[in-house]
Amino acid sequence: MIRFYFNLSPNPMKVALFLEEAEIAYEAHPVDTRRGEQFSPDFLALNPNGKVPAIVDGDAVVFDSNAILLYLAEKTGRFLPPAGDAARGELLSWLMFVATGIGPFSGQAVHFRHFAPEPVPYAQNRYAYEARRHYGVLDARLAERRFVLGDTYTIVDMAVWGWARMVPFVMGDDAWSAFPNVRRMLDEVNARPAAARAGALKERYTFKADWDDEARRIMFGHLAGGAA
Ligand SMILES: N[C@@H](CCC(=O)N[C@@H](CS)C(=O)NCC(=O)O)C(=O)O
């Protein structure tokens with residue numbers, strides 16, 4: 001049975017959605033990142049980068065949410081176009097767009113909007129701008145398509161779902177007005193039973209909620225004087 005190492009943040013949740021969509025049996029292993037469990041030797045042996053998600057599937061250990069989505073899609077032959085198809089190229093482009101654009105810029109926008117120890121207007125503006133720009137690209141794409149690749153629901157939509165649920169947290173409470181097509185797609189995916197099952201993980205597992213000094217020291221190694 002697949003072991004799924006996760007918390008409730010956007011990247012692990014994309015993988016939870018796939019596992020539920022494909023009805024793959026899995027054993028959930030919560031990793032409480034505010035308590036530093038991502039740096040335990042056992043977890044670092046799975047993902048030396050010390051971040052969730054990761055999965056163990058027999059001999060295969062896969063980390064990084066988008067790599068896991070591709071691995072599971074290729075393994076099951078589901079939620080991706082056949083290898084060599086033009087649509088497969090499109091899927092790879094948009095998956096990397098989420099992996100290298102939507103995800104990291106959203107993450108940094110959240111950091112400087114909510115968590116930086118002091119306000120840094122330049123960084124706030126840069127990351128808010130880049131997050132908005134990326135969601136704008138996605139919104140234009142979805143203006144003419146039901147899902148990112150067209151009529152077919154794929155792992156790209158799952159990758160988008162993980163982050164799109166966080167739009168107000170990333171860009172502010174009024175952000176949805178600028179991205180109506182992303183919102184429409186998010187609502188459609190949210191209505192799928194698999195999304196409800198993935199979302200129900202938060203009822204079954206509790207993670208540390210306090211954003212205290214311990215959590216700050218663990219999550220932001222640079223504040224504790226850690227060298228990269
Ligand atoms: N590129 C990675 C990013 C994963 C990531 O940033 N995970 C966060 C979720 S909270 C994490 O584990 N953070 C813990 C930390 O930074 O110490 C992916 O897509 O899986």
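Two strands count as a pair here if DSSP finds at least two bridges between them. Keep that in mind for the close-ups below, which come from a predicted model.

**View 1. Strands 3 and 4 run side by side in the antiparallel sense.**
Strand 3 takes in residues 54–57, and 4 bridges link it to strand 4. Looking for a spot to start? Find Ala54, which sits opposite Phe63 in strand 4. In general, strands of a sheet are held in pairs by backbone hydrogen bonds, either parallel or antiparallel.

**View 2. Step back, and that pair turns out to belong to an open sheet of 4 strands.**
Reading across, the strand order goes 2-1-3-4, and the pairing is mixed. On the edges you'll find strand 2 (26–30) and strand 4 (60–63), each with pairing on one side only. Neighbouring strands are turned against each other by 15° on average, if you ignore direction.

**View 3. Helix 1 lies across part of the sheet.**
This helix, residues 10–21, lies over strand 1 (2–6), strand 2 and strand 3. Compared with strand 1, helix 1 runs at about 150°.

**View 4. Residues 1–80 carry a UniProt label, "domain: GST N-terminal".**
The label comes from an unreviewed entry. This span is 38% helix and 22% strand, and its end C-alpha atoms lie 22 Å apart.

**View 5. Here's the ligand with the 14 residues that surround it.**
Which residues are the closest to the ligand? They are Ser9, Asn11, Thr33, Lys51 and Ser65. Sorted by class, the shell around the ligand has 9 polar residues, along with 3 nonpolar and 2 charged ones.

**View 6. Residues 84–208 have a UniProt label too, "domain: GST C-terminal".**
Again, the annotation is from an unreviewed entry. What share of this stretch is helix, and what share is strand? The chain here is 72% helix and 0% strand, with 44 Å between the end C-alpha atoms.

**View 7. Helix 4 packs against helix 5.**
Helix 4 spans residues 86–115 and helix 5 spans residues 121–143; the angle between them is about 145° and their axes are 8 Å apart. The crossing is left-handed. On the helix 4 side, the contact includes Gly101, Ile102, Phe105 and Phe112. Helix 5 brings, among others, Tyr127, Ala128, His134 and Leu138. By class, this contact has 9 nonpolar, 5 polar and 2 charged residues.

Technical notes
Residues are numbered from 1 along each chain as its sequence is written. This is a predicted model: local features need pLDDT of at least 70, side-chain atom pairs count only at pLDDT 80 or more; totals for chains, interfaces and linings use all residues. Helices (H or I, at least four residues) and strands (E, at least two) are DSSP runs, numbered from the N terminus. Axes are lines fitted to C-alpha atoms, for helices over the stretch in contact, and angles run from 0 to 180 degrees between N-to-C directions. Two residues are in contact if their C-beta atoms, placed from the backbone, lie within 7 Å. UniProt positions are given in the numbering used here, feature names are shortened, and annotations may be inferred rather than shown by experiment. A crossing is left-handed if the near helix is turned anticlockwise from the far one by less than a right angle, and right-handed if clockwise. Ala, Val, Leu, Ile, Met, Phe, Trp, Tyr, Cys and Pro count as nonpolar, Asp, Glu, Lys and Arg as charged, and the others, Gly among them, as polar. A residue is near a molecule or strand if its C-beta atom, placed from the backbone, lies within 6 Å of it.
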